[in-house]
Amino acid sequence: MENKKQDTASALKDIISHAKEYGFVFPSSEIYDGLQAVYDYGQNGVELKNNLKTVWYKAMTMLNDNVVGLDAAIFMHPLTWKASGHVDSFNDPMIDNKDSKKRYRADTLLEERAAALEEEGKEAEAKALLQKMAKCLDAGDLEGVRQIIIDENIKCPVSNTANWTEVRQFNLMFSTQVGAVSEDASLIYLRPETAQGIFVNFLNVQKTGRMKVPFGIAQIGKAFRNEIVARNFIFRMREFEQMEMQFFVRPGTEMEWYSKWKETRMKFHLALGIPATSLKFHDHDKLAHYANAAVDIEYKFPFGFKEMEGIHSRTDFDLKAHQDLSRKKQQYFDPEINENYIPYVVETSVGADRLFLAILCNAYTEETVGEGDQEKQRVFLNFHPALAPVKVAVLPLVKKDGLAEKAQEITNSIKFAFNTTYDDGGAIGKRYTRQDLIGTPYCVVVDYQTMEDNTVTVRDRNTMTQERISIADLKEKIGYAVSMERIFEKLLS
């Protein structure tokens with residue numbers, strides 16, 4: 001058998017098609033021709049995404065005694081976003097091509113040019129280009145950014161011309177109004193990130209939980225950004241989900257914790273089954289206004305290495321900004337040093353949708369099986385068993401002679417232990433294929449021998465090998481293999 005992983009841009013089309021055909025991701029409101037950059041998760045997609053969120057949340061809160069959870073509201077007082085800097089500076093530099101009328105992020109055009117230079121082996125030129133761009137953006141020199149685009153002869157992929165407008169800033173926050181009567185309504189925003197909900201609840205959690213620094217607050221929630229260019233399937237969307245943890249530390253210790261969480265988070269992605277060759281760290285050339293250190297964990301998507309998770313040392317910027325604007329102290333009394341201070345923060349922030357896409361891309365496998373005239377292509381999703389939407393499918397060999405009833409009985413006996421499906425439609429080979437295409441790790445086949453000795457055949461998705469085991473051992477053996485404990489063991493090793 002020969003496994004083949006596609007690593008070209010064309011692979012993304014296959015993955016998008018597979019995701020829709022097998023119930024993972026659908027275009028939102030598709031019967032009305034959809035809404036750009038908004039997607040719905042189907043019956044298998046929601047199971048996979050929920051598994052990813054569960055394993056992240058448990059890895060944060062169960063494996064760390066000093067990390068607790070939070071679920072903050074999407075709507076927040078508008079001054080929250082004034083303090084955080086989002087009202088004044090949450091902008092992307094946009095540029096339009098006059099011929100195609102298409103709009104692009106100016107920094108993305110330059111980042112893609114730098115990536116192309118790296119592919120050509122011109123790493124020094126790529127680094128110099130990114131540094132030049134960062135210098136212009138830091139100085140607010142938008143004309144300088146435009147000039148770099150022109151100097152690099154970057155062309156619109158649609159019109160193939162370099163007929164660019166000036167670069168302008170575009171605020172990414174969605175605004176709405178709250179209030180029963182429009183005249184009395186107040187302007188508020190859909191949150192562009194989940195972090196601020198943690199910061200404004202810092203003292204609530206610290207005091208009610210009697211938490212001692214260092215400690216963390218973890219949260220999973222929706223965020224909204226009016227992206228200029230939303231593309232690459234669910235990689236960049238206008239409505240997305242974040243899994244963030246803000247870790248509060250004593251000032252002066254932040255770099256130590258930054259290094260620790262940087263390595264811990266990389267270990268997490270490896271434990272999910274992503275190979276080390278598909279992951280890398282990328283240090284930020286241009287730091288956000290709140291950070292003194294920042295790094296991305298990038299995954300090699302079909303469209304190149306792109307950010308999946310960010311680890312940032314945010315200093316005391318957020319708590320200090322909220323203290324200054326609200327005039328309510330955001331300080332912690334540290335009994336070990338007998339001192340009051342505003343804690344520094346180390347953030348880990350992973351996009352649930354980007355992690356979903358990375359796991360899906362990593363799992364999508366094309367394989368050649370058989371030889372000669374028997375050779376054929378096989379496609380399956382190689383999910384870690386703990387992440388698979390369905391853990392086991394119970395299949396009667398035929399629907400007669402009591403086999404279907406026996407298979408239903410087995411299904412009912414294990415379905416509360418892990419996600420189980422029953423399928424008796426079509427030839428057994430076609431049913432295997434259906435389960436392979438959604439990533440089900442195990443198929444349990446009920447045959448005539450089952451009726452004699454209460455044993456079944458368990459087929460492994462990856463190897464297609466079969467093992468005969470007792471029905472009485474099913475729950476324990478499959479339960480062990482599909483448990484999230486297998487992932488946690490790797491994190492603790």
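What follows is a dialogue on how labels are assigned to residues, cores and a pocket in a predicted model.

Student: Why is Thr 420 called buried?

Tutor: Its relative accessible area is 14%. Buried means under 20%, so Thr 420 is classed as buried. The residue is found in strand β21, residues 420-422.

Student: What makes the approach of the Thr 420 side chain to the backbone oxygen of Phe 418 a polar contact?

Tutor: The distance is 2.9 Å. A polar contact needs a pair of N or O atoms within 3.5 Å, one able to donate a hydrogen and the other to accept it. The pair is therefore inside the distance cut-off.

Student: Which residues does Thr 420 touch, not counting residues up to four places away in sequence?

Tutor: Thr 420 touches Val 390, Val 392, Val 394, Thr 411, Ile 414 and Lys 415.

Student: Why is Phe 380 called buried?

Tutor: Phe 380 has a relative accessible area of 2%, and the limit is under 20%, so the label buried applies. Phe 380 lies in strand β19, residues 376-381. Beyond four places in sequence, its contacts include Ala 363, Tyr 364, Asp 436 and Arg 461.

Student: Why does Lys 286 count as partly exposed?

Tutor: Its relative accessibility is 35%. Buried means under 20% and exposed over 50%, with partly exposed in between; the value for Lys 286 therefore falls in the middle class. Lys 286 sits in the loop between β12 (279-283) and β13 (293-301). Leaving aside neighbours within four places in sequence, Lys 286 is in contact with Ala 134, Leu 137 and Asp 138.

Student: How many residues are in the largest nonpolar core, and which helix gives the most to it?

Tutor: The core has 64 residues, and among those with the most contacts inside it are Phe 24, Leu 272, Met 308 and Phe 383. Helix α12, residues 352-363, gives the most, with nine residues. A second, separate core has 21 residues, including Leu 130, Cys 136, Ile 149 and Cys 156.

Student: What is the volume of the second largest pocket, and which residues are closest to its centre?

Tutor: The volume is about 300 Å³. Of its 13 lining residues, Thr 80, Val 200, His 322, Ser 326 and Lys 328 are the closest to the centre. Helices α3 (79-84), α9 (202-208) and α11 (317-326) each supply at least two residues of the lining.

Student: How is the lining of that pocket divided by class?

Tutor: There are six nonpolar, six polar and one charged residues. Lys counts as charged, and Lys 328 is in the lining, so Lys 328 is the charged residue.

Notes: Residues are numbered from 1 along each chain as its sequence is written. This is a predicted model: local features need pLDDT of at least 70, side-chain atom pairs count only at pLDDT 80 or more; totals for chains, interfaces and linings use all residues. Side-chain values use heavy atoms; hydrogens and water are left out. Helices (H or I, at least four residues) and strands (E, at least two) are DSSP runs, numbered from the N terminus. Buried means under 20% relative accessible area, exposed over 50%, partly exposed in between (1.4 Å probe, protein chains only). Contact means heavy atoms within 4.5 Å. A nonpolar core is a set of buried Ala, Val, Leu, Ile, Met, Phe, Trp, Tyr and Cys residues joined through side-chain atoms within 4.5 Å. On a 1 Å grid over the protein atoms alone, a cavity is a set of points where a 1.4 Å probe fits but cannot get out, and a pocket is an open set with protein on both sides within 12 Å along at least five of seven lines; lining residues have an atom within 4 Å of a point. Grid points are joined across faces, edges and corners, and a volume is the space filled by probe spheres set on the points.
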